[in-house]
Amino acid sequence: MRLNHQISFGDSFTHVIDKLRNSYEQSAHNTYNLNTGFIELDEKFGGFVNQSLNIIGGYPNSGKLDFCLQICRYMAINQNKKVVVVNLKQPDLPNRIFRSTMEEKQQSAGGCLTDAELAEYAHNKLSSIPLEILDWSYQVIDPRSLFKQLSKVVVRTSPDVLLINDIQHIVQTVDINSNLYTEVSIISRTLFRVARVYDICILALSKLNRRTRAFDDQRPRLFSLSDAGCLEDDATTVLLLHALREPKERTISRLEVNIAKCQYLAPNTRLQFRYNRLDSYIY
């Protein structure tokens, strides 16, 4: 069989290249859309983007909540982003944010300010920022109706960033005989859907499988999320936190942040910061 005409792929190929270039430029533009406030971390993975589900995981007392609250505070103050925190368990979130703001100011002032001056600064700084905390600690949340509940929140508050504290606590409100993997998978897919539909960035705290803590260094790995449904698959970014105790220090420790999954970076890039547990401040 002979073809009596020639087929040219030039125009189609050029069109595909143009679409890829535009997509790449748009991704590059969005890379620094939502900075974390941690300069080294932003330089490594570029910050968070819209329409993304980002998992911050760690073992108990690893600093997950303080880390996320500091990021949210930075976004609200320095980038004027509307941040909504859905609090499912911790009653002292405002106090943590207040203490962290005071400590940040004290360090920038060289430690010469009084507690009264720091408290006044923190009150003035936080009183007008676009950050809202919703207390859901006493609500029973069905993962199957989570999209409807979060949609109401998003429509009412119009956030740029939504922080969920934490995913597994939603599962604990469900029937004890329910399948954990299935329930977390439903939650994960729902959060990803909310991020895509409403064009927002979602940060979600997640506990890790404690059985994977048997390694010599006890550092969390990406497969520590293996029993947590589809979190790894649905997440755009996964940051794993690990607290390293400083010798002879009771309140100061080192906080290691492992960029375990990122679209723009090779996995398992580790950064270390200092973590003042008493004042909930990381630097």
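A residue is called buried here when its relative accessible area is under 20%. By that criterion, 12 of the 15 residues of helix H3 are buried in this predicted model, so the helix is largely enclosed by the rest of the structure. The buried set takes in Lys-64, Leu-65, Asp-66, Phe-67, Cys-68, Leu-69, Gln-70, Ile-71, Cys-72 and Arg-73, and is completed by Met-75 and Ala-76. Helix H3 covers residues 64–78, and its length can be checked with simple arithmetic: at 1.5 Å a residue, a span of 21 Å is expected, and the end C-alpha atoms are 21 Å apart, in agreement. After H3 comes Asn-80, whose phi is positive, near 55°.

Glu-103 offers a second point of interest. This residue belongs to helix H4, which runs over residues 93–108. Glu-103 is buried yet forms no salt bridge. The nearest side chain of opposite charge is that of Arg-99, 9.1 Å away, whereas a salt bridge calls for a side-chain nitrogen within 4 Å of a carboxyl oxygen. Once neighbours within four places in sequence are set aside, the contacts of Glu-103 are with Asn-276, Asp-279 and Tyr-281.

A loop residue rounds out the picture. Gln-139 sits between strand E3 (131–135) and helix H6 (146–157). With a relative accessible area of 35%, Gln-139 is partly exposed, because that class lies between the 20% limit for buried residues and the 50% limit for exposed ones. Its C-alpha atom is separated by 9.4 Å from that of Ile-170, a residue 31 residues apart from Gln-139 along the chain.

Notes:
Residues are numbered from 1 along each chain as its sequence is written. This is a predicted model: local features need pLDDT of at least 70, side-chain atom pairs count only at pLDDT 80 or more; totals for chains, interfaces and linings use all residues. Side-chain values use heavy atoms; hydrogens and water are left out. Helices (H or I, at least four residues) and strands (E, at least two) are DSSP runs, numbered from the N terminus. Buried means under 20% relative accessible area, exposed over 50%, partly exposed in between (1.4 Å probe, protein chains only). Lys and Arg count as positive and Asp and Glu as negative; His and the chain ends are not counted. Contact means heavy atoms within 4.5 Å. The expected span of a helix is 1.5 Å times one less than its number of residues.
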